[in-house]
Amino acid sequence: MSSASNHTTIAAAPENLTQAGEMALILKALALAAQAHRGGKRADGQDYIEHPIEVARNLAEAGITDVKQLAAALLHDALEKGPPSMRTLIALDLGDDVLQLVEALTDDPNLLPPERKALQLDRAAGMPPAARAIKLADRLANLRSPRPEWTQRERQRYAVHSYALLEALQGSHELLEAQLLRCLSLPCWRL
């Protein structure tokens, strides 16, 4: 069987994945995430690829083992930050289920930050359960690595938005929600 045939089989029938197929799916997602974030840096100087890896790790440490969900976590920012072809690449390499989760997590980069934040809250409750857990894991990663240039006021605004997001996602994943509350109790996030 050719490499292209394997690729099609994995993307077409993820429910029938073997352990090797599951690993291949995760590695394909990681490769696409690396492509989407190549050369990108976060405000703290960290390579951007470290953020989606942390988000996926947060899910795994919270007991989530669904490979499509972990793949989507690795790609949660890929449509915003990657090349225009990223949507097609995700669909071809990982399947429509993963693409739909990634799309549910994607913000419109053309909106101003306040509009994006408001839309995140509006959409949160209607997200698929797997996307809701990824959103919690993403916020947890962001709270654990606050932007160094933020003033106390900007941190407070982010904390307020985090509490509102947590409320909108309440009941999504008990452990991730508890971890978020613990992070928000740290001195740098106190209101």
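**Figure 1. Charges and overall form of the predicted model.** The protein carries 21 positive and 24 negative side chains, and the centres of these two sets are 6 Å apart. The structure shown is a predicted model. Its secondary structure consists of 11 helices and 0 strands, so that, read from the N terminus, the order of elements is α-α-α-α-α-α-α-α-α-α-α. Along the principal axes, the C-alpha atoms occupy a box of roughly 60 × 35 × 25 Å. For 191 residues, a compact globule would be expected to have a radius of gyration near 16 Å, and the value of 17 Å found for the protein agrees with this.

**Figure 2. Surface, interior and contacts of the whole protein.** About 9800 Å² of the protein is exposed, and 54% of this area is supplied by carbon and sulfur atoms. Of the 191 residues, 44% count as buried. Contacts may also be sorted by separation along the chain. Among those between residues at least 6 apart in sequence, 65% join residues at least 24 apart.

**Figure 3. Helix 4 and the helices that cover it.** Helix 4 spans residues 67-74 and is mostly covered, with 8 of its 8 residues buried. The buried residues are Val67, Lys68, Gln69, Leu70, Ala71, Ala72, Ala73 and Leu74. They pack against four elements: helix 2 (19-37), helix 3 (50-61), helix 7 (96-105) and helix 9 (129-144). At the start of helix 4, a side-chain oxygen of Asp66 comes to within 3.2 Å of the backbone nitrogen of Lys68.

**Figure 4. Thr106, in the loop after helix 7.** Thr106 belongs to the loop between helix 7 and helix 8 (113-124). Its relative accessible area is 14%, which lies under the 20% limit, and Thr106 therefore counts as buried. The side chain of Thr106 reaches the backbone oxygen of Val102 at a distance of 2.7 Å. When neighbours within four places in sequence are left aside, the residues in contact with Thr106 are His76, Leu79, Glu80 and Arg123.

**Figure 5. Glu103, a partly exposed residue of helix 7.** Glu103 is located in helix 7. With a relative accessible area of 31%, Glu103 is classed as partly exposed. Apart from neighbours within four places in sequence, Glu103 is in contact with Leu79, Arg87 and Arg123. Two of these residues, Leu79 and Arg123, also appear among the contacts of Thr106. From C-alpha to C-alpha, Glu103 and Ala131 are 9.3 Å apart in space, while 28 residues separate them in sequence.

**Figure 6. Pro128, in the loop before helix 9.** The loop between helix 8 and helix 9 contains Pro128. This residue has a relative accessible area of 34% and is partly exposed. Leaving aside neighbours within four places in sequence, Pro128 is in contact with Leu101 and Ala104. The view also includes Gln69, one of the buried residues of helix 4. Pro128 and Gln69 are 59 residues apart in sequence, and their C-alpha atoms are 11 Å apart in space.

**Figure 7. Lys135, a buried lysine in helix 9.** Lys135 is part of helix 9. Its relative accessibility is 6%, and Lys135 accordingly counts as buried. Residues up to four places away in sequence are not counted here; beyond them, Lys135 touches Leu105, Gln120, Met127, Leu165 and Leu169. Lys135 and Ala124 are 11 residues apart in sequence, with a C-alpha to C-alpha distance of 8.4 Å.

**Figure 8. Asp93, in helix 6.** Asp93 is placed in helix 6, which comprises residues 86-94. At 21% relative accessibility, Asp93 counts as partly exposed. The class follows because buried residues must fall under 20% and exposed residues must be over 50%, with partly exposed residues in between. The view also shows Leu25. Asp93 and Leu25 are 68 residues apart in sequence, yet their C-alpha atoms are 8.1 Å apart in space.

Conventions: Residues numbered from 1 in each chain as written. Predicted model: local features only at pLDDT ≥ 70, side-chain atom pairs only at ≥ 80, totals over all residues. Heavy atoms only, no water. Buried < 20%, exposed > 50% of the residue type's maximum accessible area, 1.4 Å probe, protein only. Helix = DSSP H or I, 4+ residues; strand = E, 2+ residues; numbered from the N terminus. Contact = heavy atoms within 4.5 Å. Polar contact = N/O pair within 3.5 Å; in protein donor to acceptor, adjacent residues only side chain to side chain. Rg over C-alpha atoms; globule rule 2.2 N^0.38 Å. Areas by Shrake-Rupley, 256 points an atom, 1.4 Å probe, with all protein chains shown as cover. Lys, Arg positive; Asp, Glu negative; His and termini not counted. Charge placed at Lys NZ, Arg CZ, Asp CG, Glu CD.
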